[in-house]
Amino acid sequence: MEDLTPLRVLVVEDNLDTAETLRTLLADCGFHVAVAHNTQDGLRTARQIEPHIVLCDIGLPDGDGYSVGSQLRQSAGHAARLIAVTGHAEPIDRQRALAAGFDQHLPKPVDPATLLRELEVTL
């Protein structure tokens, strides 16, 4: 029988408007969404909910998203799809994100259709 449990998505974003926009978009599409606004809360929430997908900003107030990606990748058994959603959009930023363990790098402002296509890869 098919598992109909919604995928869990963690949004790590310090900009409250951006975080709420992502939360609303994803919830309206049927995802279970949790939001964190800094690296420490993001890592703690990831341990609690074991998300299938993490959307993470790079510029965060208490560190950076590269460390979030790296720590999640190093966590035993953590197999979430990691997507950097960031204003850091230069080629070197993409390289750093992939080197830190992210699966994808999407520059802000991210097109909702593009984001949803990326999430379909996880389904």
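Let me begin in the middle of the fold, with strand S6: six of the six residues of S6 are buried, so this strand is largely enclosed by the rest of the structure. I should say at once that what we are looking at is a predicted model, and that what I describe is computed from that model. If you look at strand S6 from both sides, you find that each face is covered, with Arg 81, Ile 83 and Val 85 buried on one side and Leu 82, Ala 84 and Thr 86 buried on the other.

Which strands, then, pair with S6? On one flank there is strand S3, residues 53-56, which pairs with strand S6, residues 81-86, in the parallel sense over four bridges. Within that pairing, Val 54 has Leu 82 of S6 as its bridge partner, and Leu 55 stands opposite Ile 83 in S6. Strand S7 is also joined to S6, by four bridges, and these two strands run parallel; here Ile 83 comes up again, with Gln 104 in S7 as its bridge partner.

Stepping back to the sheet as a whole, we have five strands in an open sheet, in the order S2-S1-S3-S6-S7, and the pairing is parallel. The edges are formed by strand S2, residues 32-36, and strand S7, residues 104-107, each of which pairs on one side only. Neighbouring strands of the sheet are turned against each other by 20 degrees on average, if direction is ignored.

Moving along to S1, I would point out that this strand is mostly covered, since four of its five residues are buried. S1 runs parallel to S2 and is joined to S2 by five bridges, and in this pairing Val 9 stands opposite Val 33 in S2.

Leu 10 is a useful residue to pick out on your screen, and it is found in strand S1. Is Leu 10 buried or exposed? Its relative accessible area is 1%, and because the cut-off for buried is under 20%, Leu 10 counts as buried. If we set aside its neighbours within four places in sequence, the residues in contact with Leu 10 include Ala 34, Val 35 and Ala 36, then Gly 42, Thr 45, Ala 46 and Ile 49, and further on Ile 53, Val 54 and Leu 55. For a sense of distance, the C-alpha atoms of Leu 10 and Ala 27, which are 17 residues apart along the chain, are separated by 11 Å.

That brings me to the helices, and to helix H2, residues 39-49, which lies across strand S1, residues 8-12, and S2, and runs at about 170 degrees to S1. H2 also packs with helix H3, residues 65-74, at an angle of about 25 degrees and with the axes 10 Å apart. Angles under 35 degrees count as roughly parallel, and H2 and H3 are therefore roughly parallel to each other. Their crossing is right-handed, and the contact is made by Thr 39, Leu 43 and Ala 46 of H2 together with Ser 67, Val 68, Gln 71 and Leu 72 of H3. Sorted by class, this contact has four nonpolar and three polar residues, with no charged ones.

The other helix pair I want to show is helix H1, residues 16-28, with helix H5, residues 112-120, where the packing angle is about 55 degrees and the axes lie 12 Å apart. That angle makes H1 oblique to H5, and H1 passes H5 in a right-handed crossing. Leu 22, Leu 25 and Leu 26 of H1 make the contact with Pro 112, Leu 115, Leu 116 and Leu 119 of H5. Here the residues divide into seven nonpolar, no polar and no charged.

I will finish with two backbone details that deserve a careful look, both of them in loops. The peptide bond from Lys 108 to Pro 109 is cis, with omega near -5 degrees, and Pro 109 lies in the loop between S7 and H5. Then there is Glu 50, which has a positive phi of about 45 degrees although it is not a glycine, and which is found in the loop between H2 and S3. At 54% relative accessibility, Glu 50 counts as exposed.

Methods. Residues are numbered from 1 along each chain as its sequence is written. This is a predicted model: local features need pLDDT of at least 70, side-chain atom pairs count only at pLDDT 80 or more; totals for chains, interfaces and linings use all residues. Side-chain values use heavy atoms; hydrogens and water are left out. Axes are lines fitted to C-alpha atoms, for helices over the stretch in contact, and angles run from 0 to 180 degrees between N-to-C directions. Angles under 35 degrees count as roughly parallel, over 145 as roughly antiparallel, 65 to 115 as roughly perpendicular and the rest as oblique. A crossing is left-handed if the near helix is turned anticlockwise from the far one by less than a right angle, and right-handed if clockwise. Contact means heavy atoms within 4.5 Å. Ala, Val, Leu, Ile, Met, Phe, Trp, Tyr, Cys and Pro count as nonpolar, Asp, Glu, Lys and Arg as charged, and the others, Gly among them, as polar. Two strands pair if DSSP finds at least two bridges between them. Buried means under 20% relative accessible area, exposed over 50%, partly exposed in between (1.4 Å probe, protein chains only).
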